[in-house]
Each structure stands twice: as structure tokens, then as C-alpha cells.
Amino acid sequence: MATYLVGDIQGCLAELQALLSSVHFDPATDELWLVGDLVARGPASLQTLRFIQSLGNSAKAVLGNHDLHLLAVAHGFKTINPKDQTQAILDAPDCESLLTWLRHQPLLRQHPTFDFVVSHAGIAPEWDLKTAATQAKLIEKQLQSANYQQLLQQMYGDQPARWCDAHTPLEKTRFTINSLTRMRFCYADGALDMAEKMPPQALENPDLMPWFDVPRRNKLPTVIFGHWAALGQYQGHGVICLDSGCVWGNGMTMLRWEDQQYFHQPSLTAHQSAN
């Protein structure tokens with residue numbers, strides 16, 4: 001048995017399948033952990049959802065911001081981003097089944113044996129693992145409840161920027177979703193910045209730093225995340241970023257946990273520009 005972790009798919013199914021073929025992935029014995037953003041800008045979002053769903057329990061996905069946005073679009077709370085290629089999902093005969101499967105995926109997964117946790121964007125500096133897991137579970141319960149559409153309608157917004165300022169259930173919901181699916185940079189006090197997307201070395205604001213560079217009181221397992229194509233494949237500070245920007249024409253990255261070996265698949269088709 002092998003444990004594989006892969007960066008943002010974004011509908012780039014050909015690259016994912018090429019990676020899995022190169023390591024002889026066997027869903028009967030192996031596991032595939034996915035860091036979220038299964039869909040959106042790539043050419044095969046519908047086929048990607050169908051494929052990952054077909055892997056059954058061997059696929060361990062978390063939700064990314066694009067996945068949540070698709071759910072909001074499907075229920076009329078948002079419109080499709082012109083850059084997204086997700087209309088085929090909404091038109092598919094199995095749309096309801098796919099979206100039900102999607103909203104039953106968690107925002108955070110911790111491996112039961114290995115010392116790692118997976119979240120699309122990371123874990124807020126103000127949180128320890130217990131808090132992150134507790135808040136993620138609350139969102140998961142809402143998404144899987146009969147009233148899940150209320151969450152999809154109300155989840156958008158950049159405030160509060162700090163967990164200590166989240167007092168109401170709605171404020172806690174927004175902070176949780178932002179920190180687990182949208183976060184990149186933070187201030188030294190742990191406040192989230194929702195605007196900057198550039199690589200850390202290009203940052204001009206001296207008050208901002210990558211979320212994983214903000215000192216925290218409690219040690220975490222290795223946090224494996226995606227969401228930050230401008231950061232790219234990165235390892236350090238107890239974190240591993242696997243988003244190497246396949247959808248932007250770069251390539252897809254996968255890590256085999258047991259021997260820490262990386263696998264990279266160059267983009268196979270012409271994808272969108274980063275703009």
C-alpha cells in the first residue's frame with residue numbers, strides 16, 4: 001500500500017491519470033489524497049469529479065474554494081466565473097449525484113497513522129489542530145445537513161480577519177472557510193489577508209508574510225496544502241505545498257508519503273493564462 005498526495009487538479013484529468021499510471025496506482029491497495037480545487041479552470045472538470053468519485057474510499061479529498069463556489073453556483077447563489085469550465089457539470093445527468101458527493105467531502109483531513117494533515121489553503125496561525133478540526137467538522141455538518149444551502153448563500157465575505165474577532169456563528173463560519181480554503185498571507189498577529197496572491201518573494205507589503213511563517217503557539221503535524229500556484233511546489237516550516245499550477249500550463253505534482261518521493265507531470269494541454 002502506498003499513500004499519494006496530489007496538488008490542485010482544477011479539471012486537469014489527463015495529467016492526474018498520467019501521474020497515477022506512472023506509479024501504477026491501485027485503488028484496491030493505495031490511497032490518493034487530494035488537496036482540493038478538484039474543478040474549475042481546466043478542460044475536464046466533469047470527468048474529474050466522475051473519476052475521483054469512482055475511486056471510492058481510496059480517494060481522500062478535501063474541499064477547495066473552487067469546489068465550494070461550484071456548489072454555490074449550482075444553487076443560484078453565484079454565477080459561473082467566465083474562466084471556469086464547470087457548466088458541463090451542471091448540465092450532466094448525474095449532476096445531483098456528483099454535487100452531493102462533493103458537499104460530503106471534508107475541509108480538513110488528518111491521516112490516522114502518518115504525521116500529516118491536509119487542508120486546501122492551510123491552518124490559521126491562531127488555531128491549534130484541535131480548533132481547526134473542530135471548526136472544520138462544524139462546516140462539514142452544515143454542508144451535509146438539510147439546510148446546507150443557507151451556508152452556501154452566507155459563506156462569502158472577507159471578515160472577520162482574526163479568529164478572536166469571530167463571535168457569531170456566521171463570523172466563525174466565514175473565518176473557518178477563509179482560513180481553510182482561501183488563505184495565503186497573514187499579518188504578524190495572525191490576521192488573514194484575502195487580497196494578495198503573488199509569490200512571497202514578490203510581496204511589497206513588509207507587514208505581510210506567508211501564513212506558515214507566522215509564529216504559532218502549538219506545533220502542528222506537517223500541513224499539506226495547495227491553493228497557491230504562485231508559491232508552487234514548496235517544502236519547509238512544517239508545510240508542503242503541492243500546487244504547481246498545472247492549470248496554468250506548468251504541471252501537476254504528486255508526493256508519495258512513505259519514501260517522500262515527488263512525481264511531476266508536465267501539462268498535456270493548453271490551459272488558461274494566469275491572468
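1. A good place to start is Leu34, whose bridge partner in S3 is Ala61. Leu34 belongs to strand S2 (residues 31–34), which runs parallel to S3 and is joined to S3 by 3 bridges. Strands here are DSSP runs of E with at least two residues, and helices are runs of H or I with at least four, numbered from the N terminus; two strands pair if DSSP finds at least two bridges between them.

2. A word on the model: it is predicted, so local features need pLDDT of at least 70 and side-chain atom pairs count only at pLDDT 80 or more, while totals for chains, interfaces and linings use all residues. Numbering runs from 1 along each chain as its sequence is written, and side-chain values use heavy atoms, with hydrogens and water left out.

3. Which order do the strands of the open sheet take? The 5 strands run S3-S2-S1-S12-S13, with mixed pairing. S3 (59–61) and S13 (261–266) are the edge strands, each with a single partner, so one side of each has no neighbour in the sheet.

4. Now to the largest pocket (an open set of points on a 1 Å grid over the protein atoms alone, with protein on both sides within 12 Å along at least five of seven lines; lining residues have an atom within 4 Å of a point). Its lining has 31 residues, and Asn65, His66, Arg184, Lys197 and His227 lie nearest the centre. Helix H3 (65–74) and helix H8 (169–181) each give two or more residues to this lining, with H3 giving the most, 4 residues.

5. In the second largest pocket, H8 supplies the largest share of the lining, 5 residues.

Key:
On a 1 Å grid over the protein atoms alone, a cavity is a set of points where a 1.4 Å probe fits but cannot get out, and a pocket is an open set with protein on both sides within 12 Å along at least five of seven lines; lining residues have an atom within 4 Å of a point.
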